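Biologist: I would like to go through this complex term by term. For each label, tell me what earns it.

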Amino acid sequence: MAALTREETANLIAEVLEVYPEKAKKDRAKHLMINDKELESSKKCITSNRKSLPGVMTMRGCAYAGSKGVVWGPIKDIISISHGPIGCGQYARAGRRNYYVGTTGVDAFCEMNFTSDFQEKDIVFGGDKKLAKLIDEIEMLFPLNKGISVQSECPIGLIGDDIEAVSKKAAAQINKPVVPVRCEGFRGVSQSLGHHIANDSVRDWIISNRDGQAFETTPYDVAILGDYNIGGDAWASRILLEEMGLRVVAQWSGDGTLAEMENTPKVKLNLLHCYRSMNYISRHMEEKYGIPWLEYNFFGPTKIKESLRKIASFFDDNIKAGAERVIEKYTPMMDAVIAKYRPRLEGKKVMLYVGGLRPRHVVGAYEDLGMEVVGTGYEFAHNDDYDRTIKDMGDATLIYDDVTGYEFEEFVKAMKPDLIGSGIKEKYVFHKMGIPFRQLHSWDYSGPYHGCDGFAIFAKDMDLTLNNPCWNLMKAPWQKDASEAEKKAA
Amino acid sequence: MANIMIRQNAAGGLVFYLPKRDLEAAIESIEFDTAEKWGGVLMLENGGSYFVDPIAKPARLPISLRARRLGAAED
């Protein structure tokens, strides 16, 4: 079945919005659009990065999630203290499966939960003393940490604790960076501001630490930014870059270390995978250190080839030849993957609703497998993300910003995709509706999906999900005969 | 007044960036564009306009500046 036409999509949006009160309808209408490839700017058709409406189900997170969970958390040798009540830290603890090499509790700390566990008395009398004590204890118990970051939870901002002063004093005492991060959950409309705050704190407290120090550079130094090594993603990307002759100095921040981050200003080119969460620091490095940055996409062979060539164009003929060599080496492998899985996946329709980069980045990978993305949307994107999405998506496809639980279900019922890619909050709703589903935040505990090795896993996972025999068993056997006539997709 | 950043895109055009709002837009015209006087009114492709105090042309882009909003393009 072909995707919906422009009018059909418009009708669908109107129909879905019908249930809202007048004011909510007007507001939500601004967040839904029908893609038009001709458009240069998304400005006139979609509004993004706005406060979610009260009363609807939104999938967004908070600034703390963006800072602790996404940017700071995966740095393996920095201890990130969740400063505040205990729950935030516990639920943000290694939930994104940012893999790393190291011994947890000795020289790597991502999977551990460090928190000041606020009680009533800390709210009443302030938690600064507790924080100072906590830093002392950390230093005693985990002497191999390379630095500490203090991730504020909501109460810290509300009671006005001076974490900056405590951090400064502690940093002088233990002679390591102690970074106060003002990422209270109530800041901003989504986790997006948390990324920004985290980037700013890296800029202010870390990036210039080794300015003026000697560092042995090569002309081929690059840094991977915005790759959080989910299920090993950054490793799958890194080997491609290294095989083409580049030297990867730093990984931000999956499997990354403080030393790598401090050395990043010495690289020749910043490679930016997740634009949304790390463009801020790339822009800063471009201004202060004159390092150009480049967005790339390592999902699916078409985009990998394109990106490798784009990256190589910043370097000399050596690297350009290297890129061609890498492409040549991996093309047979990827062709084999496509030959195996494309017949099983051809023509299937996918709907996506993910976070910062995947709603547009994985489109190429699905297209390589012959699948069609009929709808996509972001939880917390800004308009610059939608500008980039318009180019990647087909004409007349549906694009939704901060989609509500109700809208997403209705869109799915009407468009009947064969596969949905979204997060854990949506997963079981759609499983119960009988629709194959993959989590695209955590790769559904699989991965990596980046790079050439990742593509093979991606294709296999999509096949296993879509062609799983369980989808034929959605009806109980005694209901089968009667229901054959009224074959309604539940 | 807002902090803004002006950078050059791959095609050589100027791009305006307002970190506070994550607003990224190409600059359509810049009032003064000579070696000794650079800046003034910036017209953006999204219809907005900003004013930056003219300075000597920066040796290297991107550059962070303070800008005043003249015409709103927001929403």
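Modeller: We take confidence, then the barrel, then the chain contact, then the helix packing.

Biologist: How do you know how far to trust chain B?
Modeller: The model is predicted, with ipTM 0.87 and pTM 0.93. Chain B averages a pLDDT of 86, and 96% of its residues score at least 70. Within chain B, strand β3 (residues 23-33) has the lowest mean, 87, and strand β5 (residues 49-55) the highest, 92.

Biologist: What makes the strands of chain B a barrel?
Modeller: The 6 strands form a closed barrel in the order β1-β2-β3-β4-β5-β6, with antiparallel pairing. On average, neighbouring strands are turned by 45 degrees against each other, direction ignored.

Biologist: Why are β2(B) and β3(B) called paired?
Modeller: Pairing requires at least two bridges. β2(B) and β3(B) have 4, in the antiparallel sense. One of the partnerships sets Leu18(B) against Leu23(B) in β3(B).

Biologist: What is notable about the backbone of Asp22(B) in that hairpin?
Modeller: Asp22(B) takes a positive phi near 50 degrees. The hairpin of β2(B) and β3(B) has 4 residues between its strands.

Biologist: What makes β3(B) and β4(B) a pair?
Modeller: Again the cut-off is two bridges. Here 5 bridges join β3(B) to strand β4 (residues 38-44) of chain B, and the strands run antiparallel. Asp33(B) stands opposite Trp38(B) in β4(B). The hairpin between β3(B) and β4(B) goes through 4 residues.

Biologist: How many bridges join β5(B) to β6(B)?
Modeller: There are 3, which meets the requirement of at least two. β5(B) and strand β6 (residues 63-71) run antiparallel. Phe51(B) stands opposite Arg68(B) in β6(B).

Biologist: Which parts of the chains touch?
Modeller: The contact takes 10 residues from chain A and 12 residues from chain B. Helix α12 (residues 275-289) gives the most on the side of chain A, with 4 residues. That side divides into 1 nonpolar, 4 polar and 5 charged residues.

Biologist: Where does α12(A) lie on chain B?
Modeller: α12(A) lies across β1 (2-8), β2 (14-18) and β6 of chain B. The helix runs at about 70 degrees to β1(B).

Biologist: Why are α9(A) and α12(A) called roughly parallel?
Modeller: The axes of helix α9 (residues 191-205) and α12(A) cross at roughly 30 degrees and come within 8 Å. Angles under 35 degrees count as roughly parallel, and α9(A) and α12(A) therefore take that label. Their crossing is right-handed.

Biologist: Which residues make the contact of α9(A) with α12(A)?
Modeller: From α9(A), they include His195(A), Asn199(A) and Arg203(A). From α12(A), they include Arg276(A), Tyr280(A) and His284(A). The contact residues of α9(A) and α12(A) divide into 4 nonpolar, 6 polar and 3 charged.

Biologist: Why are α10(A) and α20(A) called oblique to each other?
Modeller: Helix α10 (residues 233-243) and helix α20 (residues 451-466) of chain A pack at an angle of about 135 degrees. Roughly antiparallel needs over 145, and roughly perpendicular covers 65 to 115. The angle of about 135 degrees fits neither, so α10(A) and α20(A) are oblique. Their axes are 7 Å apart.

Biologist: Which residues meet there?
Modeller: Asp233(A), Ala236(A), Ser237(A) and Leu240(A) in α10(A) meet Gly451(A), Cys452(A), Asp453(A) and Gly454(A) in α20(A). These residues divide into 3 nonpolar, 3 polar and 2 charged.

How values were computed:
Residues numbered from 1 in each chain as written. Chains lettered and ligands numbered in written order. Predicted model: local features only at pLDDT ≥ 70, side-chain atom pairs only at ≥ 80, totals over all residues. Contact = placed C-beta atoms within 7 Å. Nonpolar A, V, L, I, M, F, W, Y, C, P; charged D, E, K, R; others polar. pLDDT = per-residue confidence, 0-100. Axes fitted to C-alpha atoms, helices over the stretch in contact; angles between N-to-C directions. Left-handed = near helix turned anticlockwise from the far one by under 90°.
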